[in-house]
Amino acid sequence: MGLLSDPNRRRALIGLLTRLNAPICIVCYMAGVAWFMGLSFEPFTLRTYMSENAMGSTMVEERFPAGERALATGREFSAHKKKTGGMPVDWLVKTMQARGLEVFTQRFSRTLPFPDENKERYMVKGTNVYGILRAPRAPRTEALVLTAPCSPGDENNQAVGLLLGLAQYFRNQIYLAKDIIFLINEHDLIGMQAWLEGYHHTNTTGMDWSPLQGRGGSIQAALSLELSSNVVTSLDLVLEGLNGQLPNLDLANLFYAFCQKIGVLCTIQGKLQRNDWDSVSGYSHAVQTMMLMVMKQASGRPWGDHGLFLRYHIEAATIKGVNSFRQDKTDATTIGRLLEGMYRKLNNLLERLHQSYFFYLMPSLSHFVSIGYYMPAFGLLAVILLLRALDLWVQLVTPPPRTEDGDTDIDQQSSPGVLSVLTPLVISHLTGVALYMLPIRFQEMAVEHFPVSETEAVVLTAIAIYTAGLALPHNTNRLLTGEGTEQGWRVLKLVAVLYLAVLLGCTALINFSLGFILALTLVPVAAFVTPHVPKVLSAFVLVILSPACTLLYSVFFFHELQEMPISFQEGWLLYLSVISQGILDHYLYGSLVYPLIAVLVYPCWLLFWNILFWK
């Protein structure tokens, strides 16, 4: 405290930070990247452990015997699905009722803002079917959910069969203290959104749905099951939910513990766990696994039906059955026993899952990185913005040098007007608002005048507005007053740097992966852009580090991590598809990534673009 309270020492410290500002910023950036890459090294991570006492032991006896019968039920479900051309509602209702469940249906409809060309749908109508198994020895105030989406074609029929098999098995158990809801939803996430809104009496997306006639207790946890083969070689755990939310780590620990007990091969991000962490290949494998989780979390989209449960503070995950060329084979009976064990342990919960972590990264299922370990990597990048802001502030408050005749430099002395700073701020944010609102509103006009579909019109309009923002005269008052002053661009950059620091800090608290990826590209731009650097080269650097180009790199990088490289043409088409899906996710489920980029991140980047062309 004495160092900061003594004016002389404080002045000396500030002088040191300003003299060595650029070297310190470079060191902080390299240290932040190195810290993040070191998080995947196993000695630097923590081993997973069960924090909840009620789930601390897997000493339960799993007795589910009806795997083959469940597969037969799945084949029967597939036959009725083909016969009806969609969800066989009547057959499902009769089958669930025969298993002793209280069965209810929910109809829903949703008109998309523009056609979803990936799934070929625009006006969506469907029906959810769910059955409630009432707890025989409890006041029925809490519930668990097991869901299996009714997918088109032959996908996920085995999951529906196994769900119905578990419903029949649980009907004869007397130890249940929570209701179990068996849900089969149509149209994947849209149907799940309709059911969750109906269950919690909310309507946040404007979807039309019929009220639920039957309801269980407060939902404590949920699992979504996806199986598309009679034989499974491994089970993959999917955790990433809407807006980067993650379930309580104990849910992942429970899955891993039962996989270890029963002998089921389990993966995360589709990658097996390796024990050679001290080798280069082992470390590279851990880095790939963690980076895949970072990329998925940064996208903000739910990567399974479980992703929408997290919005309602319900711990949920998706279990996917993978049929690959591995020699290990797992039958439906074993998967049923694993699910039985998990639900028996969740049935023991006396309170919501809360004792373990909600903010974490996982380089493997047996190790995790907590928020206290990965946040310093972001902090090292964010401190660069504060150092640059300090340097700019010192330059602004330092008196200008005097000339030989005793006069000060007029250009340095003149203070910037409010209009010179306010104008680029307003115009940049108006451009961001246009990027957010106009692509949906102008799609019909674009279709009338150009030979494109509605989806292409939305995406191309967004790209056109984004590109047009680079050519706008952000500081229009200079057309009348001439060139901007030195003090003017410094004040604007000080505002922009502090704005970016707050923006990235808030983003990282909600979605660390998104905040860190944006910091990697935007912090160098914010730190070193000035009107005095070479214009052509600097403009090129700013463009390749812009949010749109960052998204393009992420598309290729994601497929490289999945070991499925794509060509540039495939990547470009996928890039356009990612943009359309991001807009759809916002309007359908409330994903915040698209408005964040359009209304806040892009205008902030435009401020640095304006600083580059200040003179």
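Start by selecting Tyr 169 in this predicted model, and show its surroundings: leaving out residues up to four places away in sequence, Tyr 169 touches Arg 63, Phe 64, Pro 65 and Glu 340. Tyr 169 is part of helix H6, which covers residues 157-171. Is Tyr 169 buried or exposed? Its relative accessible area is 13%, under the 20% cut-off, so Tyr 169 counts as buried.

Keep Tyr 169 selected and add Trp 614. These two are 445 residues apart along the chain, and their C-alpha atoms are separated by 72 Å. Now zoom out for the whole picture. The C-alpha trace spans about 100 × 60 × 45 Å along the principal axes of the protein.

**The whole chain**

Switch to a cartoon view, where 22 helices and 12 strands make up the secondary structure. The radius of gyration is 28 Å, close to the 25 Å that the globule rule gives for 615 residues, so the protein is as compact as a globular protein of that length. Of the contacts between residues at least 6 apart in sequence, 81% join residues at least 24 apart.

Try a surface view next. The accessible surface comes to about 27,000 Å², and carbon and sulfur atoms account for 62% of that. Buried residues make up 54% of the 615 residues. If you colour by charge, you will find 45 positive and 48 negative charges, with mean positions 6 Å apart.

**Two nonpolar cores**

Hide the surface and select Phe 36, Trp 195, Phe 309 and Phe 608. In the largest nonpolar core, which has 113 residues, these four touch the most other members. Which helix gives the most to this core? Helix H22, at residues 593-612, does so with 14 residues. As a general point, nonpolar side chains in soluble globular proteins tend to be buried together.

Centre on Phe 309 for a closer look. Apart from its neighbours within four places in sequence, Phe 309 is in contact with Val 145, Met 192, Trp 195, Leu 196, Ala 222, Ile 314 and Ala 316. Another core, of 67 residues, lies apart from that one, and its members include Val 93, Val 160, Leu 346 and Tyr 169, where this tour began.

**Leu 92 in helix H5**

Go to Leu 92, which sits in helix H5, residues 89-98. With a relative accessibility of 0%, Leu 92 is buried. Show its contacts beyond four places in sequence, and you will see Phe 77, Met 87, Val 129, Val 160, Leu 164 and Ile 184. Then add Gly 131: 39 residues separate it from Leu 92 in sequence, while the C-alpha to C-alpha distance is 9.6 Å.

**Two loop residues with positive phi**

Next, select Glu 120, in the loop between strand E2 (102-116) and strand E3 (121-133). Although Glu 120 is not a glycine, it has a positive phi of about 55°. Glu 120 is exposed, at 73% relative accessibility.

Move on to His 313, which you will find in the loop between helix H9 (280-299) and strand E10 (315-322). What is the phi of His 313? It is near 60°, a positive value in a residue other than glycine. With a relative accessible area of 61%, His 313 is exposed.

While you have helix H9 in view, pick out Val 280, which belongs to that helix. Val 280 counts as exposed, at 71% relative accessibility. Measure across to Val 369 and the C-alpha to C-alpha distance is 20 Å, for two residues 89 apart in sequence.

**Gln 395 and Asn 511**

Select Gln 395 in helix H11, residues 371-397. Gln 395 is partly exposed, with a relative accessible area of 29%. Beyond four places in sequence, Gln 395 touches Gln 487 and Arg 490. Add Thr 18 as well: Gln 395 and Thr 18 are 377 residues apart along the chain, yet their C-alpha atoms are separated by 9.2 Å.

For the last stop, choose Asn 511, in the loop between helix H17 (486-510) and helix H18 (512-528). Is this loop residue, Asn 511, buried or exposed? Asn 511 is buried, with a relative accessible area of 4%. Not counting residues up to four places away in sequence, Asn 511 touches Asn 243, Gly 244, Gln 297 and Ala 298.

Key:
Residues are numbered from 1 along each chain as its sequence is written. This is a predicted model: local features need pLDDT of at least 70, side-chain atom pairs count only at pLDDT 80 or more; totals for chains, interfaces and linings use all residues. Side-chain values use heavy atoms; hydrogens and water are left out. Helices (H or I, at least four residues) and strands (E, at least two) are DSSP runs, numbered from the N terminus. The radius of gyration is taken over C-alpha atoms; the globule rule is 2.2 Å times the number of residues to the power 0.38. Buried means under 20% relative accessible area, exposed over 50%, partly exposed in between (1.4 Å probe, protein chains only). Contact means heavy atoms within 4.5 Å. Accessible areas come from the Shrake-Rupley method with a 1.4 Å probe; for residues, only the protein chains shown count as cover. Lys and Arg count as positive and Asp and Glu as negative; His and the chain ends are not counted. The place of a charge is taken as NZ of Lys, CZ of Arg, CG of Asp or CD of Glu. A nonpolar core is a set of buried Ala, Val, Leu, Ile, Met, Phe, Trp, Tyr and Cys residues joined through side-chain atoms within 4.5 Å.
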